[in-house]
Number of protein chains: 4
Amino acid sequence: MRPKIIQKLIDQFVKFPTVGPRTAARFVFYLINLPEKETKDIAELISSLKENIKICPLCHKSFERNGDENLCPICSDKMRDKSTIAVVEKEIDLEAIEKTKKYKGLYFILGGTIPNIKDEQKKQDVRKRIEELIKRVKNDNKIKEIILALNPTTEGEITALLIEREIKKEKSLSENLDKIKITKLGKGLPVGGELEYADEQTLSSAFENRK
Amino acid sequence: MRPKIIQKLIDQFVKFPTVGPRTAARFVFYLINLPEKETKDIAELISSLKENIKICPLCHKSFERNGDENLCPICSDKMRDKSTIAVVEKEIDLEAIEKTKKYKGLYFILGGTIPNIKDEQKKQDVRKRIEELIKRVKNDNKIKEIILALNPTTEGEITALLIEREIKKEKSLSENLDKIKITKLGKGLPVGGELEYADEQTLSSAFENRK
Amino acid sequence: MRPKIIQKLIDQFVKFPTVGPRTAARFVFYLINLPEKETKDIAELISSLKENIKICPLCHKSFERNGDENLCPICSDKMRDKSTIAVVEKEIDLEAIEKTKKYKGLYFILGGTIPNIKDEQKKQDVRKRIEELIKRVKNDNKIKEIILALNPTTEGEITALLIEREIKKEKSLSENLDKIKITKLGKGLPVGGELEYADEQTLSSAFENRK
Amino acid sequence: MRPKIIQKLIDQFVKFPTVGPRTAARFVFYLINLPEKETKDIAELISSLKENIKICPLCHKSFERNGDENLCPICSDKMRDKSTIAVVEKEIDLEAIEKTKKYKGLYFILGGTIPNIKDEQKKQDVRKRIEELIKRVKNDNKIKEIILALNPTTEGEITALLIEREIKKEKSLSENLDKIKITKLGKGLPVGGELEYADEQTLSSAFENRK
């Protein structure tokens with residue numbers, strides 16, 4: 001019953017993260033009721049997004065394409081600590097860490113976690129990204145620590161285990177990998193959390209990390 | 001810190017219904033990681049949306065522009081009952097009513113409700129739409145009933161009151177308006193609802209509408 | 001590890017409606033920290049509850065035992081309309097209906113609904129209550145309407161169907177049952193509800209019950 | 001309209017933690033519909049609760065009164081580590097910590113936190129409890145560490161600050177207080193948490209506590 005173009009656009013919006021069919025329909029009706037100039041603006045921004053954005057070949061962060069700069073502002077920043085790499089699932093996690101202003105090292109974006117991806121293609125992409133990470137660490141003897149800054153969810157933990165296993169396999173072959181420290185984020189009570197509702201592992205960590 | 005184009009696109013997505021800054025950022029990173037062909041597709045769909053869509057001059061529903069058809073499929077459908085108009089806030093409400101397959105009359109989309117719009121311009125738009133509705137009803141003596149199918153929320157009720165008041169003002173001037181019946185949707189317990197948690201007005205209506 | 005009396009009391013509180021083990025434990029620690037006078041007061045209230053309360057033999061509502069009054073204040077109220085009985089699941093539903101001040105008839109409390117009771121004993125109790133309802137209606141020719149004021153949930157609907165079926169079975173045997181009207185509460189949008197999120201049955205009813 | 005005894009019991013249940021008037025009413029109707037034996041049992045358990053329970057004079061934990069044991073099973077357990085005291089808000093927090101099986105030291109239950117108590121009497125009680133804690137630590141030179149195991153909520157943090165301040169005041173007067181270490185639970189991402197939604201302080205702590 002719906003016009004084909006509306007259905008096609010709903011089908012695209014449904015693939016956006018957190019968007020269901022009802023919200024997708026609301027997006028399309030929102031666009032239909034916008035002045036033409038504004039829909040054209042949005043279309044232009046989306047269309048030119050990838051032309052204006054470079055993906056850093058080292059850490060996979062997006063950054064503004066300008067001049068010949070090849071690396072992202074973090075990877076090319078001489079003041080950042082080159083001895084630590086924080087491995088994150090996605091760019092938003094990197095942004096969250098940057099906001100704390102506490103971490104001064106480098107990053108590596110995995111682009112996903114292993115188990116929550118049904119898509120076999122995507123799974124291969126993450127595995128390739130892990131291989132790339134290991135190659136990077138092998139060849140860069142400034143790196144002393146890999147922080148697996150993945151979510152303490154089942155998916156994050158399984159992905160972290162996989163990365164550790166892959167690194168272990170390669171250890172004998174690489175002097176640098178052998179000396180490297182692999183760490184994970186500390187678990188504990190979040191600000192606003194309550195002991196009463198904390199699971200045992202979280203509470204154990206909160207006790208161990210007391211200070 | 002974010003590339004300008006990313007921030008601009010986030011600023012656009014934030015204006016979409018139900019989207020906050022965090023979700024908007026997720027949308028943009030989702031687009032960045034899409035194959036270029038797909039972002040171009042989405043941009044093209046958005047860009048050509050308004051060229052492919054006509055808004056029905058009678059009821060304000062969107063429909064596919066094809067051939068010279070001027071009215072939407074509902075308004076031009078000879079089988080629909082021309083004696084009732086259901087006044088709805090937005091096109092999604094019309095879609096929800098069509099899904100029930102119980103209503104066979106015509107529609108009129110207001111495009112919003114009066115009080116929840118801070119935007120003065122938008123408020124004027126709704127008021128103009130109400131004037132347009134009244135003019136339509138005045139001149140179309142097939143119309144015997146206006147169903148104010150607005151949400152039973154404060155906004156919906158106030159808008160319904162306003163429409164009733166405006167119609168009353170005009171009644172003496174128009175023979176058709178004078179004979180017309182104005183109705184509102186029945187209140188009651190929704191499927192899955194519980195008496196225990198129903199407010200008094202809902203429960204009173206459920207008793208009155210028993211059958 | 002917990003003292004036996006604490007565990008026993010937790011086990012009792014867990015059987016209270018909506019109470020889980022964590023909340024039950026909080027209740028017990030709350031009581032432990034109360035002045036002794038207050039725990040004694042609570043215990044006394046609970047202990048004497050049934051001595052101070054009578055259950056109306058006609059409608060099963062609880063009421064204060066005082067004097068020789070045998071029926072509850074509603075059943076014995078000469079001003080109430082004796083021609084309608086509202087069948088409700090539980091006393092709280094009766095209280096909700098009374099708060100609307102719109103219904104002036106009598107009640108009959110079922111004490112539960114058929115399907116959501118795993119407890120076979122309880123199921124029998126509800127079935128017996130239904131038999132009792134039918135007997136009451138058979139013998140009281142003032143009753144002209146039975147309002148099945150059950151929740152429009154699966155459980156409520158199934159129980160309503162069962163009651164209708166049982167009444168039909170008996171119809172040929174009873175002149176009064178034959179003339180009686182059986183009604184159900186009207187469905188519709190509740191106050192504060194939105195068309196967009198309403199299911200099709202609720203929305204259909206809202207259209208049918210418009211006025 | 002409700003029988004007095006029902007209203008009185010509702011008024012008592014409303015004072016239970018997490019219970020509102022509607023839930024309180026459901027509790028009472030639940031009790032009314034119970035066999036008399038069971039309401040008597042519940043009343044008896046509540047009535048004899050305080051006779052059967054002792055409060056440990058050292059840590060304020062409740063325990064079963066039996067024989068002449070004066071201290072609770074934790075305080076009197078020779079295997080527990082006497083050098084650490086975990087200060088908790090309430091007994092349920094102590095239970096949560098015990099479940100982790102990681103902490104082997106002693107406890108001290110405050111009975112509340114300072115700011116979320118409107119009740120001036122209760123506030124005095126907590127302040128007295130803090131004085132009592134300080135006296136205990138002053139006189140027991142086995143204690144080497146006080147773990148302020150309070151919720152990382154505003155209330156918990158303010159109470160922790162107050163305890164630290166009170167201890168500091170007394171430090172010069174007591175050799176033991178002077179050597180004692182005061183720690184707080186580690187903050188971090190809880191199991192199942194996500195970086196993207198973590199606040200900055202939680203995420204900073206997760207980085208600091210990485211391992």
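Which residue in β6(C) is the bridge partner of Ile147(C)? In this predicted model, the partner turns out to be Thr183(C). That pair is a handy way into the strands of chain C, so the strands come first here, followed by the domains, the two kinds of chain contact and a couple of loop residues.

Ile147(C) and Thr183(C) belong to a bit of sheet that can be traced strand by strand. Strand β5 of chain C covers residues 145-148, and strand β6 of chain C covers residues 181-184. The two run in the parallel sense and are joined over four bridges. β5(C) also pairs with strand β3 of chain C, residues 84-88, again in the parallel sense and over four bridges. Within that second pairing, Ile146(C) of β5(C) sits opposite Ile85(C). So what do neighbouring side chains do along a strand like this? In a regular strand, side chains alternate between the two faces of the sheet.

Stepping back to a whole chain, chain A splits into two domains, with domain 1 spanning residues 4-54 and domain 2 spanning residues 80-184. Measuring from C-alpha centre to C-alpha centre, 33 Å separates domain 1 of chain A from domain 2 of chain A.Now for the way the chains go together, beginning with chains A and B. Chain A can be superposed on chain B by a rotation of 180° with 0.0 Å of shift along its axis, and the fit has an RMSD of 0.1 Å. In chain A, the C-alpha nearest this axis belongs to Ala43(A), at 2.1 Å. The contact itself involves 37 residues of chain A and 37 residues of chain B. On the chain A side, the elements giving two or more residues are α1 (4-14), α2 (21-32), α3 (36-52), β2 and α4 (91-100). Of these, α3(A) gives the most, with eleven residues. Sorted by chemistry, the chain A side has 20 nonpolar, eight polar and nine charged residues. Do the copies use the same or different surfaces to meet? They meet through the same surface, because 97% of the interface residues of chain A are also interface residues in chain B.

Chains A and D give a second contact. Here a turn of 180° and a shift of 0.1 Å along the axis lay chain D on chain A with an RMSD of 0.1 Å. These two copies are therefore related as by a two-fold rotation axis. In chain D, the C-alpha nearest that axis is the one of Gly188(D), 2.0 Å away from it. Chain D puts 41 residues into the contact, and chain A puts in 41 residues. On the chain D side, two or more residues come from each of α4 (91-100), β6 (181-184) and α8 (200-208), and α8(D) gives the most, with nine residues. This side of chain D divides into 16 nonpolar, 13 polar and twelve charged residues. Once more the copies meet through the same surface, because 100% of the interface residues of chain D are also interface residues in chain A.

Helix α8 of chain A, residues 200-208, deserves a look of its own. Its buried residues include Thr202(A), Leu203(A), Ser205(A) and Ala206(A). Looking down the axis of α8(A), the buried residues fall within an arc of 160°, so they line one face of the helix. The spacing fits a simple rule of thumb. An α-helix has 3.6 residues a turn, so residues three or four places apart point the same way. And what do the buried residues of α8(A) pack against? They pack against α4 of chain D.

Other pairs of chains stay out of contact. Chain A and chain C do not touch, and their nearest C-alpha atoms are 9 Å apart. Chain B and chain D do not touch either, with 9 Å between their nearest C-alpha atoms.

Finally, two loop residues have backbones worth a glance. His60(A) has a phi near 70°, which is a positive value in a residue other than glycine. This histidine is found in the loop between β1 (53-55) and β2 (62-64) of chain A. Lys101(C) likewise has a positive phi, about 60°, although it is not a glycine. Its place is the loop between α4 (91-100) and β4 (106-109) of chain C. Which of the two words, buried or exposed, suits Lys101(C)? Lys101(C) counts as exposed, because it has 9 C-beta neighbours inside 10 Å. His60(A), on the other hand, is buried, because 21 other C-beta atoms lie within 10 Å.

Key
Residues are numbered from 1 along each chain as its sequence is written. Chains are lettered from A and ligands numbered from 1 in the order in which they are written. This is a predicted model: local features need pLDDT of at least 70, side-chain atom pairs count only at pLDDT 80 or more; totals for chains, interfaces and linings use all residues. Domain bounds come from an automatic or database domain assignment. Copies are superposed by least squares on the C-alpha atoms of residues with pLDDT of at least 70 in both. Two residues are in contact if their C-beta atoms, placed from the backbone, lie within 7 Å. Ala, Val, Leu, Ile, Met, Phe, Trp, Tyr, Cys and Pro count as nonpolar, Asp, Glu, Lys and Arg as charged, and the others, Gly among them, as polar. A residue is buried if 20 or more other C-beta atoms lie within 10 Å of its own, exposed if 12 or fewer, and partly exposed in between; C-beta atoms are placed from the backbone. The arc is that of the directions from the helix axis to the C-beta atoms. Two strands pair if DSSP finds at least two bridges between them.
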